[in-house]
Amino acid sequence: MSANMFIGRFQPPHKGHQTIFNTYLDNGEPILIAIRNVPTDEKNPLTALQVFYLWKEIYRENPLVQIIVIPDIKSVNYGRDVGYAVKEIEAPKEIQRISATYIRDEIKSGKTNWKDFVDSKVHEAIIQLLT
């Protein structure tokens with residue numbers, strides 16, 4: 001069965017990402033999480049390998065999820081009919097408001113409100129990685 005691919009930095013992974021992934025997982029369709037290997041900086045404090053392990057922890061029980069690290073990309077391109085679609089998943093407004101920047105800022109400030117937006121399986125790991 002072919003997978004539905006999601007490309008991102010996921011800095012850090014949060015429930016907004018998971019909600020979008022679940023549009024396929026809830027229907028028994030596999031997904032491929034492709035983590036862009038970007039240089040670390042203020043907007044990207046986690047390495048691609050750290051993000052990889054966070055997703056592995058979140059989806060450790062789900063055989064429908066495959067996770068890979070890819071080189072940073074400039075664009076996604078295709079020629080004529082290549083046999084796959086490019087789709088935007090329209091998430092509910094409350095999900096669209098989840099921000100990785102907000103989560104990082106809350107963690108740096110020592111606040112805990114961010115925990116509502118991140119899978120509890122990785123709370124401690126994210127605290128360790130971002131403080």
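The dialogue below goes through one buried residue, a set of aromatic pairs and the largest pocket of a predicted model.

Colleague: Let me begin with a single residue: where is Asn 44 found, and is Asn 44 buried or exposed?

Modeller: A residue counts as buried when its relative accessible area is under 20%. In this predicted model, Asn 44 has a relative accessible area of 8%, and is therefore buried; Asn 44 sits in the loop between β2 (31-37) and α2 (48-58).

Colleague: Which residues does Asn 44 touch, leaving aside those up to four places away in sequence, and with which side chain does the side chain of Asn 44 make a polar contact?

Modeller: Contact means heavy atoms within 4.5 Å, and with sequence neighbours up to four places away not counted, Asn 44 touches Arg 9, Gln 11, Val 38 and Pro 39. With Arg 9 there is also a polar contact between the two side chains, at 2.4 Å.

Colleague: Turning to the rings, how many aromatic pairs does a search of the whole structure find, and how is the pair of Phe 10 and Trp 55 arranged?

Modeller: An angle over 60 degrees between the ring planes counts as edge-to-face. The search of the whole structure finds ten aromatic pairs, and one of them, Phe 10 with Trp 55, is edge-to-face, with 5.5 Å centre to centre and 85° between the planes. Phe 10 lies in the loop between β1 (4-8) and α1 (15-25) and Trp 55 in helix α2, so this pair ties together parts that are 45 residues apart in sequence. Phe 10 counts as buried at 7% relative accessibility, and Trp 55 likewise counts as buried, at 0%.

Colleague: What arrangement do Phe 21 and Trp 55 have?

Modeller: Their pair is tilted, with 5.2 Å centre to centre and 55° between the planes, and it links distant parts of the chain, since Phe 21 is in helix α1 and Trp 55 in helix α2, 34 residues apart. Phe 21 and Trp 55 are both buried. Ring pairs link Phe 6, Phe 10, Phe 21, Tyr 24, Trp 55 and Tyr 59 into a cluster.

Colleague: How much space lies in the largest pocket, and which residues are closest to its centre?

Modeller: The largest pocket holds about 920 Å³ of space, and of the 27 residues that line it, Asn 4, Met 5, Phe 6, Ile 7 and Lys 87 are the closest to its centre. The elements giving two or more residues to this lining are β1, α1 and α4 (100-108), and β1 gives the most, with five residues. By class, the lining has 16 nonpolar, seven polar and four charged residues.

Methods
Residues are numbered from 1 along each chain as its sequence is written. This is a predicted model: local features need pLDDT of at least 70, side-chain atom pairs count only at pLDDT 80 or more; totals for chains, interfaces and linings use all residues. Side-chain values use heavy atoms; hydrogens and water are left out. Helices (H or I, at least four residues) and strands (E, at least two) are DSSP runs, numbered from the N terminus. Buried means under 20% relative accessible area, exposed over 50%, partly exposed in between (1.4 Å probe, protein chains only). A polar contact is a pair of N or O atoms within 3.5 Å; within protein, one must be able to donate a hydrogen and the other to accept it, and residues adjacent in sequence count only if both atoms are side-chain atoms. Rings of Phe, Tyr and Trp (its six-membered ring) pair if their centres lie within 6.5 Å; planes under 30 degrees apart count as stacked, over 60 as edge-to-face and the rest as tilted. On a 1 Å grid over the protein atoms alone, a cavity is a set of points where a 1.4 Å probe fits but cannot get out, and a pocket is an open set with protein on both sides within 12 Å along at least five of seven lines; lining residues have an atom within 4 Å of a point. Grid points are joined across faces, edges and corners, and a volume is the space filled by probe spheres set on the points. Ala, Val, Leu, Ile, Met, Phe, Trp, Tyr, Cys and Pro count as nonpolar, Asp, Glu, Lys and Arg as charged, and the others, Gly among them, as polar.
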